[in-house]
Every structure is written in structure tokens, then in C-alpha cells.
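Colleague: I am new to this structure. Please show me the model, and then I will put some questions to you.

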Amino acid sequence: MNARLKILHLEDNPLDAELVEAKLTADELACDITRVATQKDFSEALNAQSFDLILSDYALPGFDGLSALKLARAQRPDTPYVFVSGTMGEEAAVESLKSGAADYVLKDRLARLAAAIRRVVRESVARTRHALALERIQEQAALLDEAQDAIFVCDAEGCIQYWNKSAQRIYGWNPNEAVGQPISQLFDDASERLSTVLRKTLQAGRWTGELRQSTRSGSEVIMQSRWTLLRDSLGQPKSAMAINTDVTERKALEAQFLRAQRMQTVGVLMGGLAHDLGNMLVPVLVGVELLRSGATKTDRDTLLDTMEASTRRSNEMIKQILSFSRGVGGETVLLEIEPLIAEMRQLVIETFPRAIELETRVAVPVNPVNGNSTQLHQVLLNLCINARDAMPSGGILRIEAGNIELRQKATDWYPEPVTGPYVVLTVTDTGYGMSPEVLSNIFEPFFTTKKVGRGTGLGLSTVQAIVKNHDGFAEVTSEPAKGTCFKVYLPAAERDA
């Protein structure tokens, strides 16, 4: 208690007032005392300024202590009130405490006055701080209820502690039904996933990702979920706050756009695909003619083997194209990178011009990622098609995958530097490259340097949207006549059992 206390003293006897002030000074209680003696002066003083404490006699001429207490409670309800009286009996003391007095001290026992004042002021400050904290909490809760996102808080065991109005609107449970329930009961279809998310939040301090959840009515919603660790006053992990944005409709529209862009990509591939399918049908047609002309048994077996191999290869190529165009494997799962690169290698070999030499380099083992296989396939294919178009006379196309540990890496895709384990996918070509002016616009929708009919300018904007949805980012380096290098960084995932 370092600051000087401002005390209003209601006392009609000047000698008693001087005695109180002398006692407080002797006890080294720093204070400035304003003395009043009448009801009128007392009321005016309360209106004129605020005080840290009110001291009051109990028996006053024409104005009793309880009336003064009632007046103080009406004008300054938060200011602590202490009676200092020589005529106060036990019943009056009890009545004063019931009416709101903080304490009472008899004039013949002023030795305890300074201690009583220190305690009362200390408790008043604590109450004020608590009231302010409670007010802030109520204001924050009101703001959270106005948010469009579903916001809830659960403790370290996964028990719901807070549930806002948007959570009720989206999921269907009201706060009375949700608070106190384990998340495993509310979201029993995703309880294992949520337990993992909570564990990672408590360990790492935050978690961001996409969750598929069921509402009370049984309908599925897709949530862009952000979890943050909350700590107690000692800095220990206490609970986790989840902010979930409903992106179900956006995902549906996004899926339609991505499929349309996939179909455009399939159209781009059809030239090379039709040529290869024609080549693969030649052995079948020739074999049929030879079989009709009466080939020997040995020749028949050889011809049938050749025809079967050619037909199977044609079938695999068509199935791969259909799988890509339909978007098979559309959910976000723990995804291994090696099979993705192998599929892309096969597709490039079968559909790209022979003048383009393909190289693939995969650092084994590559960490998995939480990803959508069709969308990441689309990213690589779009980048490979751009590389193909940049090498009309042929060249080298290189596809690489590896692990990297980032340390405060700056990128335009995020406001803060990025740190942590990542998987980097690299597509490099030896084509004609890009100027700085072109490079600065490549991710803009409908921006293209290709001739009319050769491209819509949506390929790289699609790449950007997919990479952002995977919480990743990309880098591009290019110089005219020196080729282009795209690097796509995706957060590495734990290889769970």
C-alpha cells in the first residue's frame, strides 16, 4: 500500500478526529483526511470526489451512523465504510455489518484501526480487480457469442467448459447440453481424431487443420479448425480453445471448380493420350489379322500375349485418367509421397512428347503429409503441363520430393516466418523461363502468356488454392532462357501407427 489513501472522515468532535489522524500517522499509514461533521457536508463531499475509504462516527447530532452508511452506499457503493465510535454496542455493530459496513473499531481501541484500514482497503482493491476481470470476461463472452465461428473451450481431459451461440447454431447442442460433456460424446464419430488434436494442442501450443464432424441432426459439416492452448496463472497448460469455421458450402463450390479445372487438364492431355492409345491398339489389330490368317500355335500364343499386354496398358492408362478426372480419393488423409510421384511419372511418360526427358528424384523415406491425393496430383500435373508447354522442342523435366526443416523462413504466403518440418515437392524444367514481370503475376486467375485456346490461366491459381488449403506455400524461381523451378512446401505429418 504505497499510494496515499484519500479518507473521508465523518466526525463531529474535532478532538476525536485529531486523535484518529495522529494514530494513523503514528502507525505510518500515509493518508489525506477530509473531515466533515454534518449530513449536508457529508453528501456534498461524496458528490465532489471519490475516496479510498470512509471513516464514520456512529452517534452524530441529528444524523445517525446507519443513515450515513445508507447515504454512502447510495452515492459511493464501492467505497469501503468503517465505523469508529465510542458508543457502539454489539447489536449496533452487527446491524452495521449487515447494512454494508466493512468493519468497526471502538475509540478506546484505536490500536487496531490502522490494521483494520489496511485489511479493508486491500480487500476492496481485490474486489475491484475481481469485478473488472469478471466484466472483461462477460464482455469477451458477449463478443464470442456474436462471432459467426463455432467457439468452444475444453479442459486437458477433453471436457467442454465453454460453448458459444454459433457452436449451438452449427452443431445443434445448446450450452447447457454441451458444457460439462466430453468432446468424445458430442462428436463420437470423430472422437479419436479430436483426442489427437487436443493432445497435439497441449504439446505444441496450437493446431490448425480441417475436420469433418457430425451435427446433432446427423448431417456432416466440414470445419476449418484452429486450436490454441490456454495456460493458468502459473503458465501451466490448462485448456484448449477451438475456433471452427464452417466451410462446407465453400468446399462444395471449390470441389466443383477443381473438377472443372481437372477436366480442362484432361483435355490438354488428350492429344498425347490419343496418340499413345492408337499405338497400343496397333498390336491388337495386327494380331487379329494374323490370327485370322492361320498362324501357328506358337505364333498364336506370342500374339495373344502381345495383344493382352497392349490391352492392359491401354486399360491402366484410361483408368488413371478417369480416376483423376472424377476426383477419386477426395478426403484429407495421411498421405505417402512416393506413390504420388510414381503415378505422376507414369502419366508423364505415357502422355508427354518423347522429346521431353523425365527425371524423378525421391529422398527415401519422405515424410507423409495430411493431404488430398487427387488435389496434390492436380498440383503436380498442372506444374508438369506448364513445364511441358515451356519446352516445345524438348528438354529435361525433373520431379523431386524430400524432407526439409525450416527455421524462420520468410514467405509472402504468411505474415510471420515459418518454422518446422516440411515436405518439399520440386518441379524443374529447362524451358524458356519467365521474365520478372510475368513471374509477379503467375498466380493471378486468368493470367496467361499462352496463345488463345491453349490455356485459361487457371492452372497456377488452382495450384495456389490447393497449396493454401494444405497449409503450405510455394516458391518460384525463373529466368528467361534458363528454365523454371517450382517448390511446393507442405507441412510434414507424424507417421502414426
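Colleague: What covers the buried residues of H4?

Modeller: This is a predicted model, in which local features need pLDDT of at least 70 and side-chain atom pairs count only at pLDDT 80 or more, while totals for chains, interfaces and linings use all residues. Residues are numbered from 1 along each chain as its sequence is written, and side-chain values use heavy atoms, with hydrogens and water left out. Contact means heavy atoms within 4.5 Å, and helices (H or I, at least four residues) and strands (E, at least two) are DSSP runs numbered from the N terminus. The cover of the buried residues of H4 includes helix H3 (65–75), strand S4 (81–85) and strand S5 (103–106).

Colleague: How wide is the arc of the buried residues around the axis of H4?

Modeller: Buried means under 20% relative accessible area, exposed over 50%, and partly exposed in between (1.4 Å probe, protein chains only). In H4 (residues 90–99), the buried residues include Ala 92, Ala 93 and Ser 96. They are on the same side of H4 because the arc they cover, taken from the directions from the helix axis to the C-beta atoms, is only 100°.

Colleague: Which residues are exposed on the other side of H4?

Modeller: An α-helix has 3.6 residues a turn, so residues three or four places apart point the same way. Opposite the buried side of H4, the exposed residues are Glu 90, Glu 91 and Lys 98.

Colleague: How many helices and strands are there in the protein chain?

Modeller: The chain has 497 residues, of which 41% count as buried. Among its contacts between residues at least 6 apart in sequence, 65% join residues at least 24 apart. The count for the chain is 15 helices and 17 strands.

Colleague: Which element gives the most residues to the largest nonpolar core?

Modeller: A nonpolar core is a set of buried Ala, Val, Leu, Ile, Met, Phe, Trp, Tyr and Cys residues joined through side-chain atoms within 4.5 Å. The largest one has 45 residues, and Leu 383 and Val 488 are among those with the most contacts inside it. Elements giving two or more residues to this core include helix H12 (337–351), strand S15 (418–429) and strand S17 (484–491). With eight residues, the element that gives the most is H13.

Colleague: How many residues of H13 are buried?

Modeller: H13 has 17 residues and reaches 24 Å from its first C-alpha to its last. That is close to the 24 Å expected at 1.5 Å a residue, the expected span being 1.5 Å times one less than the number of residues. H13 is largely enclosed by the rest of the structure, because the number of its residues that are buried is 15 of the 17.

Colleague: Which residue caps the N-terminal end of H13?

Modeller: The cap is made by a side-chain oxygen, 2.9 Å from the backbone nitrogen of Gln 375. The residue that supplies this oxygen is Asn 372.

Colleague: Which residues does Leu 383 touch, not counting residues up to four places away in sequence?

Modeller: Leu 383 is one of the residues with the most contacts inside the largest core. On that count, Leu 383 touches Val 427, Leu 460, Val 463, Phe 486 and Val 488.

Colleague: Which side chain forms a polar contact with that of Ser 225?

Modeller: Ser 225 is in strand S9 (residues 220–231) and counts as buried, because its relative accessibility is 0%. A polar contact is a pair of N or O atoms within 3.5 Å; within protein, one must be able to donate a hydrogen and the other to accept it, and residues adjacent in sequence count only if both atoms are side-chain atoms. At 2.5 Å, the side chain of Ser 225 is joined to that of Asn 244.

Colleague: How far apart in space are Asn 370 and His 470, C-alpha to C-alpha?

Modeller: Asn 370 is in strand S13 (residues 369–372) and is partly exposed, with a relative accessible area of 37%. Asn 370 touches residues including Thr 332, His 470 and Ala 493. Asn 370 and His 470 are 100 residues apart in sequence, and their C-alpha distance is 7.6 Å.

Colleague: Is Ala 481 buried or exposed?

Modeller: Ala 481 lies in the loop between S16 and S17. Its phi is near 70°, a positive value in a residue other than glycine. With a relative accessible area of 66%, Ala 481 is exposed.

Colleague: What is the omega of the peptide bond from Val 364 to Pro 365?

Modeller: Pro 365 is in the loop between S12 and S13. The bond from Val 364 to Pro 365 is cis, with omega near -5°.
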